There are 2 protein chains.
Amino acid sequence: MIEFTAIGFAKTAYKDISDMPIQGAGIANNLAQIVINEELQAGLQDLAEFSHIYVIFHLHKMGQSALTVIPFLDTKPHGIFATRSPKRPNPIGLSIAEIDHIEDNIIFVKDIDLLDGTPILDIKPYIQAFDNIKHTKDGWYEQGMDPKTTRSDDRFK
Amino acid sequence: MIEFTAIGFAKTAYKDISDMPIQGAGIANNLAQIVINEELQAGLQDLAEFSHIYVIFHLHKMGQSALTVIPFLDTKPHGIFATRSPKRPNPIGLSIAEIDHIEDNIIFVKDIDLLDGTPILDIKPYIQAFDNIKHTKDGWYEQGMDPKTTRSDDRFK
């Protein structure tokens, strides 16, 4: 058993696991908040100099996990580790968000696909030299659907 | 308390937390292994069609966390959430690795900055549409050191 404690939580417009955007890419101009626990505020020093962050979070509303799933952006089943679907053996989510600004212990972000109240596990800066991989093979996703227009449904409830 | 169980572990050439590469970008041609628990092998279906994965892992050798640190690639302190340093409130690591091939329950990867025996929490495919952020501000890192030539030392022991 590996134990973590939330470092904060998300305040977003999404109250229900259905009809949500698929990844940050599906959201236009909603400002959401990542509220970091006040005692950890010093950990945010200099973060506002970065434009994008990784948000690692607990998919706290997930029920049973599954080893193969039909992801939102395809019609065929794939192994869970070949998808970003939430029904994972460890319900850990990963999204990239653009920082709008930071006030005290609150990171205001431009786009995030998190349910309101989602426990946050970690925040890391997105760094070109590590994270911008220019040439990749994207597997089944290359024939998949558009994350900008596809929304979630209740399949992972 | 949020509890997870390792889905597998890393087999790498790095037996000690000092003198390791900084992120996957620092490694040339070492083939490392991500050994997934056999009962989860079905979750790897179709993953070999992707070229790159996110590996989310437990920084299991970290001691006390710190809210500000001097990262390996700079000489000044920054908030922990503005760095990728391991002394995080939740010791969760995130690295991108290139898949060489997959055999049964073992993902052979070309580059990974993980200590041998590191517990793996999750594997997700790297997907251009979500993860390739072309224009970012990289904060202190823009004046930082080269991850290809910088190695870790014992500051986070």
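The points below comment on a predicted model of two chains, A and B, beginning with confidence and ending with the contact between the copies.

1. Confidence. The structure is a prediction rather than an experimental result, and its scores should be kept in view throughout. The average pLDDT of chain A is 89, and 87% of the residues reach a score of at least 70. For the model as a whole, ipTM is 0.90 and pTM is 0.90.

2. Secondary structure. Chain A contains nine strands and one helix, and their order along the sequence is β-β-β-β-β-β-β-β-β-α, with the helix following the strands. The chain has 157 residues, of which 47% count as buried. Among the contacts in chain A that link residues at least 6 apart in sequence, 77% are between residues at least 24 apart.

3. The barrel. In chain A, six strands close into a barrel whose order is 2-3-8-7-4-9, with antiparallel pairing. Neighbouring strands of this sheet are turned against each other by 45° on average when direction is ignored.

4. Strand 3 and its two partners. Strand 3 of chain A, residues 32-36, is joined to strand 2 (residues 8-11) by four bridges in the antiparallel sense, and four bridges, again antiparallel, pair strand 3 with strand 8 (residues 106-109). Gln33(A) can be followed across both pairings, since Lys11(A) stands opposite this residue on the one hand, while Phe108(A) in strand 8 of chain A stands opposite Gln33(A) on the other.

5. The faces of strand 3. Which residues of strand 3 of chain A lie on the covered face, and which on the uncovered one? Ala32(A), Ile34(A) and Ile36(A) form the covered face, whereas Gln33(A) and Val35(A) form the uncovered one. In a regular strand, side chains alternate between the two faces of the sheet. The Gln33(A) that stands opposite Lys11(A) thus belongs to the uncovered face.

6. Strands 4 and 9. Another antiparallel pairing of chain A, over five bridges, is that of strand 4 (residues 52-58) with strand 9 (residues 119-125). Within this pairing, Val55(A) has Ile123(A) of strand 9 as its bridge partner.

7. The contact between the chains. Chain A contributes 58 residues to the contact, and chain B contributes 58 residues. On the side of chain A that touches chain B, the elements giving two or more residues are strand 1 (2-4), strand 4, strand 6 (78-79), strand 7 (92-103), strand 9 and helix 1 (128-131). Strand 9 of chain A gives the most, with six residues. By residue class, this side of chain A divides into 33 nonpolar, 15 polar and ten charged residues.

8. Strand pairing across the contact. Strand 1 of chain A and strand 1 of chain B (residues 2-4) run antiparallel and are joined by three bridges. Here Phe4(A) has Ile2(B), in strand 1 of chain B, as its bridge partner.

9. Symmetry. How is chain A related to chain B? A turn of 180° with a shift of 0.0 Å along the axis lays chain A on chain B with an RMSD of 0.0 Å, which is the relation of a two-fold axis. The same surface serves both copies, as 100% of the contact residues of chain A recur in chain B.

Note on methods
Residues are numbered from 1 along each chain as its sequence is written. Chains are lettered from A and ligands numbered from 1 in the order in which they are written. This is a predicted model: local features need pLDDT of at least 70, side-chain atom pairs count only at pLDDT 80 or more; totals for chains, interfaces and linings use all residues. Two strands pair if DSSP finds at least two bridges between them. Axes are lines fitted to C-alpha atoms, for helices over the stretch in contact, and angles run from 0 to 180 degrees between N-to-C directions. Two residues are in contact if their C-beta atoms, placed from the backbone, lie within 7 Å. Ala, Val, Leu, Ile, Met, Phe, Trp, Tyr, Cys and Pro count as nonpolar, Asp, Glu, Lys and Arg as charged, and the others, Gly among them, as polar. A residue is buried if 20 or more other C-beta atoms lie within 10 Å of its own, exposed if 12 or fewer, and partly exposed in between; C-beta atoms are placed from the backbone. pLDDT is the predictor's confidence in each residue, from 0 to 100. Copies are superposed by least squares on the C-alpha atoms of residues with pLDDT of at least 70 in both.
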